[in-house]
Amino acid sequence: MKNVLVIGSTGQIGSELTMELRRQIPEGNIVAGYIPGAEPKGVLLESGPSAVADVTNAAQLAEIIDKYKIDTIYNLAALLSAVAEAKPLLAWNIQMNGLLNILEIAREKKCAVFTPSSIGAFGPNTPHVNTPQDTIQRPKTMYGITKVSCELLSDYYFSKYGVDTRSVRFPGLISNVTLPGGGTTDYAVDIYYAAVEGRDFACPIQAGTFMDMMYMPDALKACIDIMNADPAHLVHRNSFNVTAMSFDPEIIRKEIIKHIPDFKMHYVADPVRQAIADSWPDSMDDSCARHEWGWKPTYNLETMTVDMIAALRKRFGK
Ligand code: AKB
């Protein structure tokens with residue numbers, strides 16, 4: 001991995017992944033791809049090249065890949081689960097037609113491709129506790145349908161054309177840099193902002209709803225380590241279960257109260273997000289990722305909470 005195009009570079013993962021790749025590969029072209037209206041700003045704009053990279057415009061992508069001699073594409077363009085339910089056709093167009101454009105270009109120009117999958121690729125019939133790597137995947141949401149289809153299409157391009165496609169199934173990602181937009185697991189980010197800003201938090205996910213989660217530094221490590229893994233050791237490709245912790249809203253609330261004792265939370269009903277959360281795993285088994293490419297998260301709920309609160313207090317001067 002030397003010259004990299006990050007599509008969706010101003011999003012929750014992209015904004016931090018682009019900077020991390022620039023730190024780790026200072027001699028390479030790490031191109032921040034974006035769509036008009038979501039332009040990179042500040043250090044993301046100033047620390048390296050950027051280009052308009054709309055996944056629905058294959059000619060535009062091909063031009064960037066030639067110009068910067070791109071060998072690896074991080075395809076982070078996607079609508080998250082709750083937004084995808086509101087805009088299913090747009091989600092299909094971005095997630096499926098976008099990936100097809102990328103895979104065709106990767107086949108022609110010999111690029112490796114990372115497209116994140118999600119816990120959303122599982123559904124109500126999947127075993128919910130210690131969800132195995134290889135199991136039933138019959139999601140009921142458009143987000144989940146596109147995630148399973150992306151896994152299958154990526155495996156197809158690997159086995160038929162030898163395109164080096166790799167992926168992980170991300171749980172909810174928690175970060176203090178860029179907010180997620182329109183996901184089911186967003187509450188686990190919003191809760192920290194409310195606590196640090198001294199606001200009462202209205203939690204849209206009900207007590208007792210467990211989901212896998214991960215702190216962003218571990219997610220960045222997963223994105224990079226999987227693309228650097230020795231292909232000879234990969235039995236799976238698209239996509240690996242990866243997780244770092246599993247909790248419900250009460251467990252994270254109690255962890256925050258250890259640091260902010262007067263933090264208050266109440267519950268509000270969000271039937272769309274709740275139905276999605278209920279269909280997802282409570283906890284995944286990520287032993288294949290650990291075994292095949294050495295996956296091991298650094299942060300648990302306690303250490304993440306210390307870091308999140310410290311970072312947000314610094315940002316908001318609290
Ligand atoms: C979402 O909630 O939609 C995402 C995900 C788990 O894929 N964070």
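Student: What makes β1 and β2 count as paired, and in which sense do they pair?

Tutor: Two strands pair if DSSP finds at least two bridges between them. Strand β1 (residues 4-7) and β2 have four bridges and run in the parallel sense, so they qualify under that cut-off. Strands here are DSSP E runs of at least two residues, and helices are H or I runs of at least four, numbered from the N terminus.

Student: Before we go on, what kind of model is this?

Tutor: It's a predicted model, where local features need pLDDT of at least 70 and side-chain atom pairs count only at pLDDT 80 or more, while totals for chains, interfaces and linings use all residues. Residues are numbered from 1 along each chain as its sequence is written, and side-chain values use heavy atoms, with hydrogens and water left out.

Student: Which residues sit across from each other in β1 and β2?

Tutor: V4 has I30 as its bridge partner in β2, and V6 has A32. The chain gets from β1 to β2 through helix α1 (residues 14-24), and that β-α-β crossover is right-handed. The label means that, with the strands pointing away from the viewer, the path from the first strand over the helix to the second runs clockwise.

Student: What does β2 pair with besides β1?

Tutor: Strand β3 (residues 50-52) pairs with β2 in the parallel sense over three bridges. Y34 stands opposite V52 there. The whole open sheet has six strands with parallel pairing, in the order β3-β2-β1-β4-β5-β7. β3 and β7 stand at the edges because each has a single partner strand, leaving one side of each without a neighbour in the sheet.

Student: How do you know that β2 is largely enclosed?

Tutor: Buried means under 20% relative accessible area (exposed is over 50%, partly exposed in between, with a 1.4 Å probe and protein chains only). Five of the five residues of β2 (residues 30-34) are buried, so the strand is largely enclosed by the rest of the structure. Both faces are covered: I30, A32 and Y34 on one side, V31 and G33 on the other. In a regular strand the side chains alternate between the two faces of the sheet.

Student: Why is S117 called buried?

Tutor: S117, in strand β6, has 4% relative accessibility, so it counts as buried. Leaving out residues up to four places away in sequence, S117 touches K147, E151, S167, V168, R169, F170 and S239; a contact means heavy atoms within 4.5 Å.

Student: How do you know that the span of α6 agrees with its length?

Tutor: The expected span is 1.5 Å times one less than the number of residues. For the 20 residues of α6 (residues 142-161) that gives 28 Å, and the end C-alpha atoms are 27 Å apart, which agrees. The buried residues of α6 include M142, Y143 and G144, and the buried set packs against elements including α4 (81-86) and α5 (88-109). Just after α6, G162 takes a positive phi of about 75 degrees.

Student: What is buried between domain 1 and domain 2?

Tutor: About 2600 Å², 64% of it on carbon and sulfur atoms. Buried area is the accessible area (1.4 Å probe) that two parts lose on being put together, summed over both. In domain 1, Q12, I119 and H128 lose the most area to domain 2, together 27% of what that side buries. 33 residues of domain 1 are in contact with 32 residues of domain 2.
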